[in-house]
Amino acid sequence: GKPFTPLKAANDNDADGKLKLVRALDFDESAIPLRQWIVPGLLIRRHLSVLVAPPGAGKSLLTLQTGLAVADGEPWGGFRPRGPHTVMVVNAEDDVDEMKRRLAAATRAMDVDRAELADRIYLAEDPASIVVAQTDPKTKTVTRLPLADTLIETMKGNGIDVLVVDPFAETFEGDENSNSEVKWAAAIWRDVARQSNAAVLLVHHVSKALSAAPGDMNAARGGSALVGVARTVVTLFGMSEADAKIMGVSEAERHMYVRFDDAKANLTLTTGAAKWFRKETVRLANGTMEQHGDDVGVLHPWTAPNAMDTVTTAIANAILDELAAGVLDEGGNPTGSLYAYTDTKRGPRWAGHVVMRHVEVSPEQAASILKTWRRNGVIEETEYYDEAERKTRKGVRVVDANRPGRPA
């Protein structure tokens, strides 16, 4: 191996020692080369992408199934590959047999023809040996190991377009908490991407800090330099308790759902919207008379049910009729009080209770319905004088002209 230094061409400077300059505005806009996205927003040639996820979130399933989609060139889970590409997966945590089990389950779940992709997706046979950087504990010098160049030649020789490395920590022998060491290790992987003209996706573990959250690029464990070198950073987390309530998922099933978020996208805007997946089990056809086949996990793209989907026009108008009438007393007579649009304690005046009397939704979903109606002008929040309470309050008024089903 050799100490790693940033690559620099010998002719970066003029002979007289001055920096070479180009005229910044002397170009034809139509002649600027297009960015070489393989999967827009996720994988781009000659650059690093980093996926940050906690243990058990399904990061290996996600990267493997995304790799299959890239090899197939077909959309999956919100990812839209720009045509079929050749993929290489280095998974240092699982042997080839386990990867084959996952691929068997994934190809079946995704309805992918294995024969068609036989020459477009590869596994490293000995992934544990894929170490490209090593730090001398005494001098703290990061050494680029010969395997980096071997890997580049292997990728170029096999036409690899996308390299998935799972996890990054297994390819780097050094202090994961040292920004300096991590920076140079990441720079080696960036050089692999550049010299092989491929997109490189590094899988990295999440920090143990309680602040780690979906879409937060600082969730990455150890030195932050890794996400600094990467062009794109994404996260994969399990469904939170709050998300489950909003989406109507029971606590018993919450562990089956994961969310994918953009965390950093230097070359494109982050989407701001999560992609959701549900974990399911596929039983392989490798059983015997004595034992059933292996059960293997897969991810299925999942769309959260829209609370509004349960609200028909008739139900919507019944809810709006009740909101328009305002709060009633025990005898069913108007009190003069309007229902409240927001109520942190969700007391009896909260309009969400009216919604929940008509449709089976959670409080969070009821709030979402009210928010949608307010945004669409079906209801409005207004100040009024409450005669019964003898004070000015805020309450919900129904805008009859904007009711669902009302002729335009």
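This briefing describes selected strands, a helix, aromatic pairs and side-chain contacts of the structure shown above. The model is predicted. Its aromatic pairs number 5, and ring pairs link Tyr 257, Trp 276 and Trp 302 into a cluster. Strands β4 and β5 each have parallel partners: β4 pairs with β11 and with β12, while β5 pairs with β6 and with β9.

**The aromatic cluster**

- A pair of aromatic rings is described by the distance of the centres and the angle of the planes.
- The structure holds 5 aromatic pairs; one of them is formed by Tyr 257 and Trp 302, a tilted pair with 4.6 Å from centre to centre and 55° between the planes.
- Because Tyr 257 belongs to strand β13 (residues 257-265) and Trp 302 to strand β15 (residues 295-302), this pair ties together parts that lie 45 residues apart in sequence.
- Tyr 257 has a relative accessibility of 6% and therefore counts as buried; Trp 302, at 18%, also counts as buried.
- Trp 302 also pairs with Trp 276, and here the arrangement is edge-to-face, with 6.1 Å between the centres and 85° between the planes.
- Trp 276 lies in strand β14 (residues 275-283) and Trp 302 in β15, so this second pair ties together parts that are 26 residues apart in sequence.
- Both Trp 276 and Trp 302 are buried.

**Arginine side chains over aromatic rings**

- Arg 346 is placed over the face of Trp 350, at 5.2 Å from the ring centre.
- Arg 374 lies over the face of Tyr 341, and the distance to the ring centre is 4.7 Å.

**Helix α1**

- Helix α1 (residues 59-72) consists of 14 residues.
- From its first C-alpha to its last, α1 reaches 20 Å, which is close to the 20 Å expected at 1.5 Å a residue.
- Of the 14 residues of α1, 13 are buried, so the helix is largely enclosed by the rest of the structure.
- Just after α1 comes Gly 73, which takes a positive phi of about 75°.

**Strand β4 and its partners**

- β4 (48-53) follows a loop that separates it from β3 (43-44), and His 47 is placed in this loop.
- β4 is mostly covered, with 6 of its 6 residues buried.
- Leu 48, Val 50 and Val 52 point one way from β4, Ser 49, Leu 51 and Ala 53 point the other way, and all are buried.
- With strand β11 (residues 199-205), β4 pairs in the parallel sense over 6 bridges; in this pairing, Ser 49 stands opposite Leu 201 of β11.
- β4 also runs parallel to strand β12 (residues 232-238), to which 4 bridges join it; the bridge partner of Ser 49 in β12 is Thr 232.

**Strand β5 and its partners**

- In strand β5 (residues 87-91), 5 of the 5 residues are buried, so this strand is largely enclosed by the rest of the structure.
- Val 87, Val 89 and Asn 91 point one way from β5, whereas Met 88 and Val 90 point the other way, and all are buried.
- β5 pairs with strand β6 (residues 121-123) in the parallel sense over 3 bridges, and Val 89 stands opposite Leu 123 in β6.
- Together, β5, helix α2 (residues 96-109) and β6 make a right-handed β-α-β unit.
- β5 also pairs with strand β9 (residues 162-166), in the parallel sense and over 5 bridges; here the bridge partner of Asn 91 is Asp 166 in β9.

**Polar contacts of buried side chains**

- His 47, in the loop between β3 and β4, has a relative accessibility of 17% and therefore counts as buried.
- The side chain of His 47 makes a polar contact of 3.4 Å with the side chain of Arg 231.
- Thr 135 is part of strand β7 (residues 133-135) and is buried, with a relative accessible area of 11%.
- The side chains of Thr 135 and Glu 181 are joined by a polar contact of 3.2 Å.

Definitions and conventions. Residues numbered from 1 in each chain as written. Predicted model: local features only at pLDDT ≥ 70, side-chain atom pairs only at ≥ 80, totals over all residues. Heavy atoms only, no water. Phe/Tyr/Trp six-rings, centres within 6.5 Å; stacked < 30°, edge-to-face > 60°. Helix = DSSP H or I, 4+ residues; strand = E, 2+ residues; numbered from the N terminus. Buried < 20%, exposed > 50% of the residue type's maximum accessible area, 1.4 Å probe, protein only. Lys NZ or Arg CZ within 6 Å of the ring centre and 35° of its normal. Expected span 1.5 Å × (residues − 1). Pairing = 2+ DSSP bridges. Right-handed = clockwise from strand over helix to strand, strands pointing away. Polar contact = N/O pair within 3.5 Å; in protein donor to acceptor, adjacent residues only side chain to side chain.
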